[in-house]
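Student: I should be grateful for a close look at one part of this model, namely the way in which two helices pack against each other. Please explain the reasoning step by step.

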Amino acid sequence: MNEIDSRTYSAILDSIDCGVFTTDLEYRITTFNRAASQITGFSPKEAIGSFCYEIFRTNICQSDCALEQTLSTGKQLEGLTLDILSRDGQIVPVVVSTSVLRDPAGRINGGIETFRDIRIIEALRREVKKSYQYEDIFSKNHKILQIFDILPDIAESNANVLIQGPSGSGKEVFARAIHNTGRRKNGPFIAVNCGALPDTLLESELFGYKKGAFTDATANKPGRFSLADSGTIFLDEISDTSPALQVKLLRVIQEKAFEPLGGVEPVHVDVRIIAATNRELRALVEEGTFREDLYYRLNVIKIELPPLRERREDIPLLVQVFIDKFNSIMGKNIEGMTADALSILINHDFHGNIRELENIIEHAFVMSKSRYIDVDSLPEELKRSASYPSAGMDGLKGAERAAIINALRIFDGNRSKAAEFLKINRTTLWRKMKEYGLTGNST
Amino acid sequence: MKKITLPRLGERIAPRLGIAHEFVVVIIEQGEVYQRKSLDLSGYTPLLKMRCLREEGVNILICAGIERMFWGYLTGFGIQVIPGITGPIDEALNRYLSGNLSPGQAPGFGPRVRGRHGRGRYWY
């Protein structure tokens, strides 16, 4: 390349708003454009001649170098979302692509790396995520979004709350969110699982005991109600309490006082009660197994949580939330999940709800060897149960019908969104729905 | 006695502290290397790695790039951080012992090279 060519070449590179640098086969930087300099904070003078990993400093430079993969396979890598450490110590999110450079004879003689600063995109993504988030609760589901709207008012009030929802649907997360955003946030949050202890033990656990109350009571022990004074007590599985204990709970709510086991003096407490159950408490009242007066005392505000299978649109969001969580706990760098694996999860019925989803992601984290969780990393029973409803149709048509059913299920029957998801025209979707007999209520 | 640590990638200083897997810990007594060992912190979260270095009783960290939050964390615990040092670990140590290793200007201060295409020598 003569001098004029070299200048033109530099001018072209510098006019691009994407960071670009090239390396030789030893990973030493040979060119470094203006945008690369702006994003990384290193001047071309500092960068040229240095090893790229000592300038670019991505989170995968020391373990899974993208350029190394490209130089060894000759294959181009595109759209990797990584972060780099800029010269002034900032973590900058970037999207990176790599490819090879070849000499006139076609031999690989170096690599080229292009990257874009996506700080603005990431900031926008976080803003969007915030609108689907309330404390540690994430959802796009309209029922949950309606709850989000009233949660600040619920938190601000001092009323008792009853949270009803199936096991694993996040009742305690909601209770914590109410506590953390309410007036009592500086007080304690005490959680008790009423179904986990036998009745007598539960009574001493909740109300405490005095020395000598029973054989092993060698000292006074405060109960959970005392520990929760000026804060919140969360009584999970409230429906499992005995009638005798229900009477005591009613008294705490009415008089804000109780007597510890073996005690005669009442203990006064100021506690907000959030109760939760996975059963229909109203039905238990009608059956006569739960006190009606206690039900009305607890049910001042009622929150009903849907099972995860009724909010399938939340599955991709929750998957990403758990991936972020386990990345920070396990020190891994998993970016997401493949479409096939996500499709299996979206079609799964999740009888264990969000807790089951969290366990699946944790399992996948242990098994996954790549940056994206794939089908192989999912638990065996999930892979086995992953069946696509083909309704008697085999092959390509059956798969196409199943894909349409899945898309319609995800978007609650919204054809425009389903068509967009399937990357087909809305009219084509309608035609195929007619062809496969999906125009009724079969989805 | 001084206890120095350097994040390691092969024989060189690892480019980014938070994601370094291995650390060299060197005890200096009377201006000479008294003891040298390796600390394998692979699988630890970045913050846990910093805590391990603190619990190891390290006084000085010589590193290349350092994330701002870890700079604040380590210096807050009284650990002297010498950032912006690249190149072979032994060379950096020798320069430190002979008093020729000066820290970069800020966290993440990078290498400066004379000449092009790696022909020059690194300046510390």
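Tutor: Angles under 35 degrees between helix axes count as roughly parallel, over 145 as roughly antiparallel, 65 to 115 as roughly perpendicular, and the rest as oblique. Please keep in mind that the model is predicted. Two packed helices are described by the angle between their axes and the distance between the axes.

Consider chain B. Helix α1 of chain B covers residues 46-55 and helix α2 of chain B covers residues 68-76; their axes are 11 Å apart and enclose an angle of about 25 degrees. Because an angle under 35 degrees counts as roughly parallel, α1(B) and α2(B) are roughly parallel to each other. The crossing of α1(B) past α2(B) is right-handed. On the side of α1(B), the residues that make the contact are B:Pro46, B:Leu47, B:Met50, B:Arg51 and B:Arg54. They meet B:Met69, B:Phe70, B:Tyr73 and B:Leu74 of α2(B). Sorted by class, this contact has seven nonpolar residues, two charged residues and no polar residues.

A pair of helices in chain A may be set beside this one. Helix α14 of chain A (residues 315-330) packs on helix α16 of chain A (residues 353-367) at an angle of about 50 degrees, and the axes are 10 Å apart. That angle makes α14(A) oblique to α16(A). Here, too, the description includes a right-handed crossing, that of α14(A) past α16(A). Among the residues that α14(A) brings to the contact are A:Ile315, A:Leu318, A:Phe322 and A:Lys325. Those of α16(A) include A:Ile354, A:Glu358, A:Ile361 and A:Phe365. The contact of α14(A) with α16(A) divides into eleven nonpolar, one polar and three charged residues.

Side chains may also be described as ring pairs, and the structure holds 13 aromatic pairs over all chains. One of them joins A:Tyr134 and A:Phe148, which are tilted, with 6.0 Å from centre to centre and 35 degrees between the planes. A:Tyr134 lies in strand β6 and A:Phe148 in helix α7 of chain A, so the pair ties together parts that are 14 residues apart in sequence.

A last point concerns confidence. Chain A averages a pLDDT of 87, and 96% of the residues score at least 70. Over residues 388-392 of chain A, however, the pLDDT is below 50. Where pLDDT is low, the predicted coordinates should not be read in detail.

Definitions and conventions
Residues are numbered from 1 along each chain as its sequence is written. Chains are lettered from A and ligands numbered from 1 in the order in which they are written. This is a predicted model: local features need pLDDT of at least 70, side-chain atom pairs count only at pLDDT 80 or more; totals for chains, interfaces and linings use all residues. Side-chain values use heavy atoms; hydrogens and water are left out. pLDDT is the predictor's confidence in each residue, from 0 to 100. Contact means heavy atoms within 4.5 Å. Axes are lines fitted to C-alpha atoms, for helices over the stretch in contact, and angles run from 0 to 180 degrees between N-to-C directions. Helices (H or I, at least four residues) and strands (E, at least two) are DSSP runs, numbered from the N terminus. A crossing is left-handed if the near helix is turned anticlockwise from the far one by less than a right angle, and right-handed if clockwise. Ala, Val, Leu, Ile, Met, Phe, Trp, Tyr, Cys and Pro count as nonpolar, Asp, Glu, Lys and Arg as charged, and the others, Gly among them, as polar. Rings of Phe, Tyr and Trp (its six-membered ring) pair if their centres lie within 6.5 Å; planes under 30 degrees apart count as stacked, over 60 as edge-to-face and the rest as tilted.
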